[in-house]
Amino acid sequence: MVGWVRITFPKSYNASRVQLRHAEALHANGTVYTMNLRTALAIDTYVLDKANTTSNNTFEPNFTTHGFRYVEITGYPGEPQLNSIKGVVMNSDTAFDSHFETSNAMVNKLYSNIHWGQRGNFLSVPTDCPQRDERLGWMGDGEVFAPTA
């Protein structure tokens, strides 16, 4: 997906530095694989305010996006609940004027993957990959992809 992670912390916690590392693949041992990101760090860092113990504290870095399938969270105070972490999808508000469906589930899944791949690469200008350090729409990708899009 392309977007960011919204994470909510419990009302009481010790001050902590929480780091979210985004990746699209895992190593065989289950840790995030980031070598393919090259120089794109894909890391969000949040420093919790120890003084805030009366309300939930939510972090949502909505001035950046990441292309990711997995997120590694370190420094979270305690064990995060599943409902405290949410992936927020981001894309340009482009209309899809067609629909495609067959009786073949695999072909339908392929179409869905194409749809989401295009959606994730339409952020203001068409890009070629939202996860690496190569998010450049001016390198010719848009020209090549425009007729298909």
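Start by selecting R6 and E60: their side chains form a salt bridge, with the closest N and O atoms 2.8 Å apart. Keep in mind as you go that this is a predicted model. The two partners come from distant parts of the chain, 54 residues apart. R6 sits in strand β1 (residues 2–9), while E60 lies in the loop between β6 (57–59) and β7 (66–67). Switch on a surface and check both ends of the bridge. R6 has a relative accessible area of 27%, so it counts as partly exposed. E60, at 26% relative accessibility, is partly exposed as well.

**Next stop: the other salt bridge**

The count of salt bridges comes to two, so there is one more to visit. Select E72 and R21, whose side chains meet at 2.9 Å, N to O. This pair again links distant parts of the chain: E72 is in strand β8 (residues 70–74) and R21 is in strand β2 (residues 17–23), 51 residues apart. Are these two buried, exposed or partly exposed? E72 is partly exposed because its relative accessibility is 24%, and R21 is partly exposed at 22%.

**Now the aromatic rings**

Clear the selection and show the aromatic side chains. How many aromatic pairs does a search of the whole structure find? The search finds four. To look at one of them, pick F100 and Y111, a tilted pair with 5.5 Å from centre to centre and 50° between the planes. F100 belongs to the loop between β9 (85–89) and α1 (105–120), and Y111 is in helix α1, eleven residues further along. With the surface back on, F100 is partly exposed at a relative accessible area of 40%. Y111 is also partly exposed, at 23% relative accessibility.

Then select F9, Y46, F59 and Y76 together, which form one aromatic cluster.

**Zoom out to the whole chain**

Finish with a cartoon view and trace the chain from its N terminus. You should find two helices and eleven strands. Following the sequence, the order is β-β-β-β-β-β-β-β-β-α-β-β-α. If you display contacts between residues at least 6 apart in sequence, 72% of them join residues at least 24 apart.

For a last look, bring the surface up over everything. The protein chain exposes about 9700 Å², and carbon and sulfur atoms supply 54% of that area. Of its 149 residues, 28% count as buried.

Methods. Residues are numbered from 1 along each chain as its sequence is written. This is a predicted model: local features need pLDDT of at least 70, side-chain atom pairs count only at pLDDT 80 or more; totals for chains, interfaces and linings use all residues. Side-chain values use heavy atoms; hydrogens and water are left out. Helices (H or I, at least four residues) and strands (E, at least two) are DSSP runs, numbered from the N terminus. Buried means under 20% relative accessible area, exposed over 50%, partly exposed in between (1.4 Å probe, protein chains only). Contact means heavy atoms within 4.5 Å. Accessible areas come from the Shrake-Rupley method with a 1.4 Å probe; for residues, only the protein chains shown count as cover. Rings of Phe, Tyr and Trp (its six-membered ring) pair if their centres lie within 6.5 Å; planes under 30 degrees apart count as stacked, over 60 as edge-to-face and the rest as tilted. A salt bridge is a side-chain nitrogen of Lys or Arg within 4 Å of a carboxyl oxygen of Asp or Glu.
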